[in-house]
Amino acid sequence: MPHNDLLTIARDIALRAGELAKQRRSEGVSVAASKTSSVDIVTEADRETEAFIRAALAEVRPDDGFYGEESAAETGSSGLTWIVDPIDGTVNFLYGIPHYAVSIAVVEGEPDPLTWTALAGCVVNPALGEVFTARLGGGAFLGDQPIRAAASVDLSQALVATGFAYDSEMRGVQGRLVAGLLPLVRDIRRQGTASLDLSFVACGRLNAYFERTLNPWDHAAGALIAREAGALVTGLDGLPPSRDFILAGHPDVAARLEQTLRQLGL
Ligand code: IPD
Ligand code: CA
Ligand code: CA
């Protein structure tokens with residue numbers, strides 16, 4: 001199946017899932033359970049949205065695998081796997097901050113970001129109606145407009161986003177790193193939705209983004225979108241992004257930021 005058709009499927013289902021999440025948000029949201037820590041929460045809407053996406057994909061792509069945040073992974077027979085974060089930015093969703101997303105990507109190979117090849121990805125912010133898409137080799141788009149990452153800037157002029165883990169000890173480590181970086185850049189953003197951080201790098205709303213401890217569904221679609229927009233998206237030492245580290249930005253800015261983060265003890 002051409003990547004274009006896979007993107008059409010990702011986009012169509014992400015839009016419908018986004019409408020569902022937005023509807024549930026308007027009805028009021030509460031915490032259903034906590035996961036890895038007391039602040040790592042899941043709402044009924046996260047589960048319902050993932051179930052909707054899973055069923056919709058199974059209907060049109062029954063032979064593909066599924067790897068989502070809120071339900072068990074399933075291996076397929078086609079060699080393709082759908083990587084799904086039904087609501088990225090759940091804490092924003094819970095608080096009614098209109099900056100959360102549905103993130104859907106389809107990858108070839110094992111569902112491991114160190115080895116997979118992302119073929120198509122879509123990140124939808126239903127609250128604003130923004131739709132970021134990319135397919136491998138086909139460029140990146142916001143709605144129907146092509147997007148490009150921002151040009152190179154000195155680190156002192158760079159607007160840099162990051163995110164923090166749910167684990168409090170790791171947060172201490174991340175906080176110390178950010179404290180060292182803050183005087184060296186234009187400013188720091190912590191917007192709470194990794195897929196949108198990557199999409200914002202793709203359209204030039206951020207100069208760079210980095211984070212540790214992301215899960216595959218947080219970055220599968222956004223990394224492809226940022227890359228197709230001309231950003232470098234990398235892990236440590238030139239490895240692909242993974243739980244260890246992800247960094248995205250104009251290649252020059254990304255290289256300078258990685259060097260600086262290392263000097264600060266990354
Ligand atoms: C989280 C968000 C956040 C990032 C966390 C993720 P969730 O995803 O993407 O921006 O900093 O690391 O876990 O839990 O809202 O789907
Ligand atoms: Ca997420
Ligand atoms: Ca999520």
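Trainee: How far is the sulfur of Cys-122 from the closest cysteine sulfur, and in which residue is that one?

Mentor: A disulfide is a covalent bond between the sulfur atoms of two cysteines. Here we count a pair of cysteine sulfur atoms within 2.5 Å. The closest sulfur to that of Cys-122 belongs to Cys-203 and is 14 Å away, too far for a bond. This predicted model holds 0 disulfides. As for its surroundings, Cys-122 is buried, at 0% relative accessible area (buried means under 20%, exposed over 50%, partly exposed in between, with a 1.4 Å probe and protein chains only).

Trainee: Before we go on, what conventions apply to this model?

Mentor: Residues are numbered from 1 along each chain as its sequence is written, while chains are lettered from A and ligands numbered from 1 in the order in which they are written. Since this is a predicted model, local features need pLDDT of at least 70 and side-chain atom pairs count only at pLDDT 80 or more, whereas totals for chains, interfaces and linings use all residues; side-chain values use heavy atoms, leaving out hydrogens and water.

Trainee: Which residues are the protein donors of the calcium ion (ligand 2)?

Mentor: Donors are N, O and S atoms within 2.8 Å of the metal (3.2 Å for Na, K and Ca), and sites may look incomplete because water is not among the atoms. For ligand 2 they are Asp-85 (OD), Asp-88 (OD) and Asp-218 (OD), at 2.1 to 2.3 Å. Their sequence spacing is D-x2-D-x129-D.

Trainee: Are Asp-85 and Asp-218 buried or exposed?

Mentor: Asp-85 is buried at 1% relative accessible area, and Asp-218 counts as buried at 10%.

Trainee: Which two ions does Asp-85 bridge?

Mentor: Asp-85 bridges the calcium ions that are ligand 2 and ligand 3, which lie 3.7 Å apart.
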